Amino acid sequence: MSSHTATKYDVFLSFRGHDTRHNFISFLYKELVRRSIRTFKDDKELENGQRFSPELKSPIEVSRFAVVVVSENYAASSWCLDELVTIMDFEKKGSITVMPIFYGVEPNHVRWQTGVLAEQFKKHASREDPEKVLKWRQALTNFAQLSGDCSGDDDSKLVDKIANEISNKKTIYATI
């Protein structure tokens, strides 16, 4: 990963609020903050169909890690998909480390956009620019090819695992 002279956040959280804001994300955010890990979490309630805000590109750009929690309705949100395209662009440049979390979804369903994701993309295809939809699909495919974690029965273990991994990597980066 390239050096981050302008790092402002250790972690940028990307998630579908409807699915995870009041459970998994709230526990993860609390644990990251408890460990003094500077974390960006968008606290604004977003309506379906709202467009990705250019203001979010900056926090992504100045973060070391992006914890991307793809849940069942993640791909229903054009906002989340635009955010993921930006995150994956920075990942490709080597300026951010992406930590995929598959929350209640199978990685292969995300990679191939099958099941509920196929339905979500049918809706996007009917109302969005085909090039944009193709970018979203490619970002999800690339994302799902990264090594990540799947949620299980015990979210607290997954929260601890993520927080430990970030803490350890943060320590390594501090010595570089």
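Where does Gln113 lie? Gln113 is in the loop between helix 5 (107-112) and helix 6 (116-127). Helices here are DSSP runs of H or I with at least four residues, strands are E runs of at least two, and both are numbered from the N terminus.

Some ground rules before going on. This is a predicted model, with residues numbered from 1 along each chain as its sequence is written, and local features need pLDDT of at least 70. Side-chain atom pairs count only at pLDDT 80 or more, while totals for chains, interfaces and linings use all residues, and side-chain values use heavy atoms, leaving out hydrogens and water.

**Backbone oddities**

Back to Gln113: its phi is near 50°, a positive value in a residue other than glycine. Ser36 does something along those lines too, with a positive phi near 60° despite not being a glycine. You'll find Ser36 in the loop between helix 2 (24-34) and strand 2 (39-40).

Are these residues buried or exposed? The terms work like this: buried is under 20% relative accessible area, exposed is over 50%, and partly exposed falls in between (1.4 Å probe, protein chains only). Gln113 counts as buried because its relative accessibility is 7%. Ser36 has a relative accessible area of 54%, so it is exposed.

**Aromatic rings**

Now for the rings. The structure holds 4 aromatic pairs. Rings of Phe, Tyr and Trp (its six-membered ring) pair if their centres lie within 6.5 Å; planes under 30 degrees apart are stacked, over 60 edge-to-face, and the rest tilted. Two of the pairs are among those set out here:

| Pair | Centre distance | Plane angle | Type |
|---|---|---|---|
| Tyr9 and Phe40 | 5.3 Å | 70° | edge-to-face |
| Phe24 and Tyr103 | 5.1 Å | 40° | tilted |

The Tyr9 and Phe40 pair links distant parts of the chain: Tyr9 sits in strand 1 (residues 9-15) and Phe40 in strand 2, 31 residues apart. Both Tyr9 and Phe40 are buried. Tyr9 and Phe40 also join Phe12 in one aromatic cluster.

The pair of Phe24 and Tyr103 bridges distant stretches as well, with Phe24 in helix 2 and Tyr103 in strand 4 (residues 97-103), 79 residues apart. Phe24 counts as buried because its relative accessibility is 0%. Tyr103 comes in at 16%, so it is buried as well.

**A charge over a ring**

One last thing to look at: Lys41 lies over the face of Tyr29, 5.0 Å from the ring centre. To count, NZ of Lys or CZ of Arg has to be within 6 Å of the ring centre and within 35 degrees of the ring normal.
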